[in-house]
Amino acid sequence: MTHASLRRSIAPAAALTLAFTALLGPAAAGAAAAASPAGQAAVRPTASDRDVVAGLERYAHPLRTAEPGGPAGDLAAFATMTRGASIVGFGEASHGSKEVFTVKDRLFRQLVQREGFSAYAMEISWSAATRLNTYLLTGKGDVRQIMREEFQDGYSLLNTEELAQLFDWMREYNRTGSHKIRVVGMDFSDADPEQYERILTWAEGNEPALAPELRRHYAALRALPTGVAARMAAYNALPLAERKAIAKDAEAAYQLLSKAGKQDPRVLQEARVISHMATEYTVDWSDPAQAKAASRHRDRTMAETAVWWQRQTGERIVVSAHNGHVSYESAVPEYYPVTMGADLRELAGRDYLAVGTSFYGGDYRAKTATGESGTYSVGPAAPGSNEYTLDKVRHRDFYVDLRAAGRNPAVKSWLDTERPTFVVPGRYPNDPTPPLALGRAFDVVVHLHHVRASVAVPPQPK
């Protein structure tokens, strides 16, 4: 959730919301807010700092590795921390760092195998997830080709080998596993032609009188080009009045289906997603008030989609998104007034658990305002930041239950105090260190000492 929306290829000024990104807006070039190693060496920990580190160490569980696979004995405590939660938010401090995704992969596998979780919800479109699920359940298609085709434009930072590795594992698990696992698309910046066809096919078979009107309401959307990037660009290029008319039609189609004598929850959900998408394309992203309202609407809609899936299936779900989405509090409320995590807590109560990730320093992939991808560095964490203190814990990589650690008065005071925190956007340049109180944002934190840039899926051979 950055507010540099590379999915909107119209103008850099409209770049106030990536299709999936982090939290911060444009910043002065070079604003990385990280101290030099020499500067850090000059800072001596105080007695209270030592008390905080000692308190954290009491509840910290070392990670054997951030890579998935192999023995999982070091993850038993993590599984215990999630007991009682039907929705677990897995945050990422960066959308472009390898170990952030591989450790989430490792933890997800543990929850599937040990705790019976059945879905991995992501900041991707509903239709992209539907296509991925065909692969996960049947093996049809090539997952990397699906990713190349679906993870374009603002979603392109997700087109990585780390996620391909996760999808491959999910496919293998579904061959013989005790239950089937799926991907859930929480986002709504795109809908492919098959999404409309599924709705129309259902209507023709169950409420045929509605089919002609639904076709009329969806005519303009169905006329958009095939291909994610081309479709989104063509949609953006339409005059605002035309986009508003499309949004009115999409909402009318949803209302028709919601009031029909026969109803199908999944068909209604597909129509609801289309209506949300059409509404989003009417936003003037250069208007701060509209951008803020749209960001608020997006977080709420993603939360509602995750809760919808969990209640429809009765099964447990992991919600994977940027830290800025899964957290209970926003690091930049001027752009993101209420987070998806806050909405999930409101909708699901204590059935929702927020897990954040953090790292001391390393590399990440991001995009510039003009759309080019690059690899950039952040850190080492500056004295006074949350990551600087977390990295003093004796384990290189670890996870810690902040609820338990907060029973220590010194740790609780530290957790409840806002400090600079790495919240790395999907765009560059950026300012990745807004203030955040970890204890008010997350229930559990997974800390990594060093991260590398994620690895892009290679282009299709010619």
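How many bridges join strand β1 to β8, and in which sense do the two run? Three bridges join them, and the strands run antiparallel. This is a predicted model. The report starts with the whole chain, then turns to β8 and to the aromatic rings.

**The chain as a whole**

The protein chain holds 19 helices and 11 strands. It has 462 residues, and 59% of them count as buried. Among contacts with a separation of 6 or more, 77% come from residues 24 or more positions apart. The exposed area of the chain is about 17,400 Å². Carbon and sulfur atoms supply 53% of that area.

**Strand β8 and its partners**

Strand β8 covers residues 398–401. Strand β1, residues 60–62, is one partner. Here Ala-60 stands opposite Val-400 of β8. Strand β11, residues 444–451, also pairs with β8. That pairing is antiparallel too, over four bridges. In it, Asp-401 stands opposite Val-444 of β11.

Are the faces of β8 covered or open? Both are covered. Phe-398 and Val-400 are buried on one side. Tyr-399 and Asp-401 are buried on the other. Val-400, the residue opposite Ala-60, is thus placed on a covered face. Asp-401, opposite Val-444, is buried as well.

**Aromatic pairs**

A search of the whole structure finds 12 aromatic pairs. A pair of rings is described by the distance of the centres and the angle of the planes. The table sets out two of the pairs.

| Pair | Centre to centre | Angle between planes | Type |
|---|---|---|---|
| Phe-108 and Trp-169 | 6.4 Å | 80° | edge-to-face |
| Tyr-364 and Tyr-376 | 6.0 Å | 45° | tilted |

Take the edge-to-face pair, Phe-108 and Trp-169. Phe-108 lies in helix α4 (residues 98–115) and Trp-169 in helix α7 (residues 161–176), so the pair ties together parts 61 residues apart in sequence. Both residues are buried. Phe-108 and Trp-169 also belong to a cluster linked by ring pairs, together with Tyr-120 and Tyr-173.

Why does the second pair count as tilted? The planes of Tyr-364 and Tyr-376 stand at 45°, so the pair is tilted; the tilted class lies between stacked, under 30 degrees, and edge-to-face, over 60. Tyr-364 sits in strand β6, residues 352–367. Tyr-376 sits in strand β7, residues 373–378. The two residues are 12 apart in the chain. Tyr-364 and Tyr-376 are both buried.

Note on methods: Residues numbered from 1 in each chain as written. Predicted model: local features only at pLDDT ≥ 70, side-chain atom pairs only at ≥ 80, totals over all residues. Heavy atoms only, no water. Buried < 20%, exposed > 50% of the residue type's maximum accessible area, 1.4 Å probe, protein only. Pairing = 2+ DSSP bridges. Contact = heavy atoms within 4.5 Å. Areas by Shrake-Rupley, 256 points an atom, 1.4 Å probe, with all protein chains shown as cover. Phe/Tyr/Trp six-rings, centres within 6.5 Å; stacked < 30°, edge-to-face > 60°.
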